[in-house]
Amino acid sequence: MLASGGGAGLSEWHLRRVRGHIVGLNPLTAEVAVEGWRPVEDVVQWGFAQQPVVMANEAHNGLARCVRTREVGVRMIEAAHQAGVRRLAMEALPWPAPDTPGPVWAIPPDQGGYLAQPDMRRLIGAALELGWSLWAYEAVFEPAADADPAEMLGMEFTNWRERGQARNLCQVLAAAAGEPLLVWCGNGHAGKQAIGEWVPMGWHFRGMSGTDPFVIDQAVTVTFTGKPQRWVRALLATLGETLAAYGGTAGILRDHAPSSLNGWPGVDAVMVSTDNTLT
């Protein structure tokens, strides 16, 4: 596990970044601030120029998902590859063996759920085709035969799961200390700020690993239920030309974002899109 600000692997990684030796990453772009709305790729490479761990999310509600977030995920993988990244940790991956998070070198068999969805398989395939290793990190829970399923919906279980995911990610990070890592999660797990009683995985990971991950939130404008929120409609109305120029999706550092987004909790950048539906 990396210590805060001083683990040997972390220091080596930052030394290589400063010297511009990350494969395929222009050292000039690594040191220039990314201001205003930018292509997805710019935000991802900026994130890896700052931290060895970048976390990005997809939006889903049960098996319904926003396909756009996974399609953008493919672009993120390609951009991260140019920045020298070769490892992808995925919440949805099953563990290849007990106490062994990876590496995984093939798309898992279709056993239903998220992994059966073609857009998820395209995302996984994109990383494998580039020669990446995949790593599982979901918290493993084996309920007792007489367990009440309702307990798995409560906050106590939710926070247990967030802590477990963070511990497992620390194991993945330590398996190749000093190497950058892209983390793919669902919805708000990557958040670095507690919200009420809920303490997300990203908050725990930062404390456990000593690494402050760069977190990209793709779900900010996604319509989870009913109609789009009023503030989302207003935001998209002002960004029509900008989003069109970037193919419908653009990113921005949270501190540079419009007022409706610059206080978004626990993230470093947000992706805004014209495609926000769950299917």
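# Close-up views of a predicted model

**View 1. Asp-255 is found in the loop that runs between β8 and β9.** The model shown here and in the views below is predicted. With a relative accessibility of 63%, Asp-255 counts as exposed, because the cut-off for that class is over 50%. A residue distant in sequence, Gly-36, is shown with Asp-255: the two are 219 residues apart along the chain, and their C-alpha atoms are 9.8 Å apart in space.

**View 2. Trp-231 and Trp-264 form a tilted aromatic pair.** The search of the whole structure finds two aromatic pairs, and the one drawn here joins Trp-231 to Trp-264. The ring centres are 5.8 Å apart and the planes make an angle of 50°. Trp-231 belongs to helix α8, while Trp-264 is in the loop between β8 (249–253) and β9 (269–273), so the pair ties together parts separated by 33 residues in sequence. That loop also holds Asp-255 of View 1. Trp-231 counts as partly exposed, at 23% relative accessibility. Trp-264 is likewise partly exposed, with a relative accessible area of 24%.

**View 3. Arg-87 places its charged end over the ring of Trp-135.** The distance from the charged end of Arg-87 to the centre of the Trp-135 ring is 5.4 Å.

**View 4. The largest pocket has a volume of about 780 Å³.** Its lining is made up of 43 residues, and those closest to the pocket centre are Gly-186, Asn-187, Gly-188, His-189 and Trp-198. Four elements give two or more residues to the lining: β2 (60–61), α6 (155–175), β7 (214–217) and α8 (230–238). Helix α6 supplies the largest share, five residues. Helix α8, which contributes to this lining, also carries Trp-231 of View 2. Sorted by class, the lining has 22 nonpolar residues, 16 polar ones and five charged ones.

**View 5. Asn-187 has a positive phi, near 50°, in a residue other than glycine.** Asn-187 is among the residues closest to the centre of the largest pocket. Its place in the chain is the loop between β6 (181–186) and α7 (201–209). At 25% relative accessibility, Asn-187 counts as partly exposed.

**View 6. The loop between β4 and α5 contains Asp-99, a residue with positive phi.** Phi of Asp-99 is near 60°, and the residue is not glycine. Asp-99 counts as exposed, with 68% relative accessibility, because this value is over 50%.

**View 7. A cis peptide bond joins Gly-102 and Pro-103.** Omega of this bond is about 5°. Pro-103 is found in the loop between β4 (87–90) and α5 (118–129), the loop that also holds Asp-99 of View 6.

**View 8. The whole chain is shown as context for the close-ups.** The secondary structure comes to nine helices and nine strands. Of the 279 residues of the chain, 48% count as buried. Among contacts with a separation of 6 or more, 76% are between residues 24 or more positions apart.

Key. Residues are numbered from 1 along each chain as its sequence is written. This is a predicted model: local features need pLDDT of at least 70, side-chain atom pairs count only at pLDDT 80 or more; totals for chains, interfaces and linings use all residues. Side-chain values use heavy atoms; hydrogens and water are left out. On a 1 Å grid over the protein atoms alone, a cavity is a set of points where a 1.4 Å probe fits but cannot get out, and a pocket is an open set with protein on both sides within 12 Å along at least five of seven lines; lining residues have an atom within 4 Å of a point. Grid points are joined across faces, edges and corners, and a volume is the space filled by probe spheres set on the points. Ala, Val, Leu, Ile, Met, Phe, Trp, Tyr, Cys and Pro count as nonpolar, Asp, Glu, Lys and Arg as charged, and the others, Gly among them, as polar. Rings of Phe, Tyr and Trp (its six-membered ring) pair if their centres lie within 6.5 Å; planes under 30 degrees apart count as stacked, over 60 as edge-to-face and the rest as tilted. Buried means under 20% relative accessible area, exposed over 50%, partly exposed in between (1.4 Å probe, protein chains only). A charge sits over a ring if NZ of Lys or CZ of Arg is within 6 Å of the ring centre and within 35 degrees of the ring normal. Contact means heavy atoms within 4.5 Å.
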